[in-house]
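Reader: I am new to this structure and would like a close look at a single part. Please take one helix and describe it in a connected way.

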Amino acid sequence: MTEPLLSIRGVKTYYGKIIALKGVDLDVNEGEIVTLIGANGAGKSTLMMTIFGSPRAREGKIVYQGSDISRMPTHEIARMRIAQSPEGRRIFPRMSVMENLQMGAAINDFAHMDEDLKRVFDLFPRLKERINQRGGTLSGGEQQMLAIARALMSRPKLLLLDEPSLGLAPLVVKLIFDAIRDLNRTEGLSVFLVEQNAFHALKLAHRGYVMVNGVITMSGSGKELLERPEVRAAYLEGGRH
Amino acid sequence: MEVFLQQLINGITLGSIYGLIAIGYTMVFGIIGMVNFAHGDVFMVSAFIAMITFLLIGALVGSVPVVIAIVLMLVVAMVLTSLWNWTIERVAYRPLRGSFRLAPLISAIGVSIFLSNFVQVTQGPRNKPVPGMLNDVIILVESPTYNVAISYKQIMIMVVTAILLAAFWYLVQKTSLGRAQRACEQDRKMASLLGIDVDRTISITFVMGAALAAVAGVMYMVYYGVVSFSDGFNPGVKAFTAAVLGGIGSLPGAVVGGLLIGLIEVFWSAYFTIDYKDVAAFSILAITLIFMPQGLLGKPEVEKV
């Protein structure tokens with residue numbers, strides 16, 4: 001088997017003295033959509049940020065495309081073609097949509113700006129209508145689209161998405177998940193998706209992991225996990241009340 | 001009327017200098033949320049660098065045209081002052097990033113004390129007179145009792161300030177470096193996720209603030225014809241007041257605030273009593289902040305979650 005695009009081994013992350021990740025192992029292969037599901041506070045977003053070295057993993061190894069990135073500064077990790085649409089979206093509120101996108105493209109020195117703009121506008125036509133509007137005035141769904149579009153502007157090989165469905169209307173969630181599926185199918189983009197919306201995420205993903213209190217407790221194909229009674233009880237039926 | 005016009009000219013000149021210094025305060029505050037109390041002293045250091053450059057030109061080259069002397073002073077002061085401020089950031093502030101909020105502030109006060117004492121020890125405590133430059137005046141309005149005049153140096157200060165502000169505005173609003181600065185100001189962590197080297201961007205911000213303060217230092221020296229080691233304090237505090245009045249973190253605010261403080265000071269001195277000019281300037285600040293806590297052009301923090 002070929003080496004995974006991203007491999008995380010025994011990663012432990014602390015906030016001060018409190019341990020948040022207690023030794024996580026996880027792989028993302030090239031061309032795969034991998035999802036990580038779990039409850040609030042399980043450590044999903046911490047893992048996302050640990051991949052980017054902020055906070056830094058105190059133990060363990062994170063290897064991306066064959067090189068160890070676990071000690072690299074955050075901005076250099078970003079330059080390795082990993083992009084993130086982080087928790088809370090983190091749009092620059094006092095910049096226009098266009099400027100937010102330009103921020104995403106800064107890594108490539110704006111080499112394929114027009115082409116990439118066209119690509120994200122095809123994906124999210126709504127952004128084109130809002131191009132001169134300030135990021136902070138967009139709706140939640142539009143901000144999420146912008147966060148993903150901004151990440152795509154850097155032409156990543158691996159896209160990290162932290163809860164893209166959070167707080168969005170079902171139609172918008174569908175639009176965003178469809179866009180992720182498209183990107184994966186047509187361009188072979190690898191996606192690592194953190195979600196609480198377990199049903200949609202597992203349906204979309206090739207493989208999934210379940211995290212509880214900083215530990216991976218289950219893993220398998222999306223379909224397998226969807227059928228597991230423990231998963232159904234904890235993350236699917238439980239969430240329907 | 002003549003008196004009013006004359007004071008207007010004087011006020012704008014002084015306000016331009018304050019505005020240039022205020023930008024350094026406001027930019028650094030915007031990007032790392034710290035009031036750089038040493039900024040006023042950086043300004044004072046630049047005035048000394050300009051004076052030394054001037055004397056060196058005199059000693060080494062002899063007499064040169066005033067314009068060339070001023071350009072040389074500007075270049076040397078900008079380069080050396082930027083270097084100073086870059087080093088200060090590296091040595092005194094960067095190691096404290098991520099520490100508790102007051103730590104860099106205290107460090108800044110320390111740097112401020114260090115700079116003024118360093119200059120006092122090396123240059124002496126006395127005021128240093130500098131030969132007058134560009135003292136010729138153009139008489140704008142002639143009347144039997146009062147002539148309204150603008151001096152060449154006032155024109156130079158206004159023109160240089162206007163050009164610099166335009167260039168600076170372009171840099172911050174339109175270039176990718178400026179965009180990176182604004183990104184760091186709004187969300188440092190996100191900026192680093194997008195591949196921006198935040199430490200480097202902060203360094204550049206300090207360098208830019210220092211370059212503008214250096215220009216202000218040269219202008220101040222030319223305008224008043226005298227420099228002193230304690231010159232960092234008063235103009236520094238005034239420029240800081242200007243930044244707060246305009247809305248700290250806002251670039252146009254710093255310029256507007258600088259002009260207002262300059263005008264208030266000059267008009268108060270002309271029409272009332274010069275002893276209370278600082279009281280007037282600071283009172284306006286206090287009154288403005290009561291009704292507009294974010295300053296004149298500052299943005300209230302509105303964020304959508």
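Author: Helix 7 of chain A runs over residues 170–187. In this predicted model, its 18 residues reach 25 Å from the first C-alpha to the last, close to the 26 Å expected at 1.5 Å a residue.

Three residues of helix 7 of chain A are a good place to begin: Ile176(A), Phe177(A) and Ile180(A) are buried. They lie on the same side of the helix, because they cover an arc of only 95° around its axis. The general background is that an α-helix has 3.6 residues a turn, so residues three or four places apart point the same way.

What covers these buried residues? The cover includes helix 6 (140–152) of chain A, together with strand 8 (190–195) and helix 8 (198–204) of that chain.

The face of helix 7 of chain A turned away from the buried side carries exposed residues, namely Leu171(A), Asp178(A), Arg185(A) and Thr186(A). Here "exposed" stands for 12 or fewer other C-beta atoms within 10 Å of a residue's own, while "buried" calls for 20 or more.

After the helix comes Gly188(A). The phi of Gly188(A) is positive, near 70°.

As for the setting, chain A also has a partner: 20 residues of chain A are in contact with 19 residues of chain B. On the chain B side, helix 6 (176–186) and helix 7 (188–193) of chain B are the elements that give two or more residues. Helix 6 of chain B provides the largest share, six residues. By type, that side of chain B divides into eight nonpolar, four polar and seven charged residues.

Notes: Residues are numbered from 1 along each chain as its sequence is written. Chains are lettered from A and ligands numbered from 1 in the order in which they are written. This is a predicted model: local features need pLDDT of at least 70, side-chain atom pairs count only at pLDDT 80 or more; totals for chains, interfaces and linings use all residues. Two residues are in contact if their C-beta atoms, placed from the backbone, lie within 7 Å. Helices (H or I, at least four residues) and strands (E, at least two) are DSSP runs, numbered from the N terminus. Ala, Val, Leu, Ile, Met, Phe, Trp, Tyr, Cys and Pro count as nonpolar, Asp, Glu, Lys and Arg as charged, and the others, Gly among them, as polar. The expected span of a helix is 1.5 Å times one less than its number of residues. The arc is that of the directions from the helix axis to the C-beta atoms.
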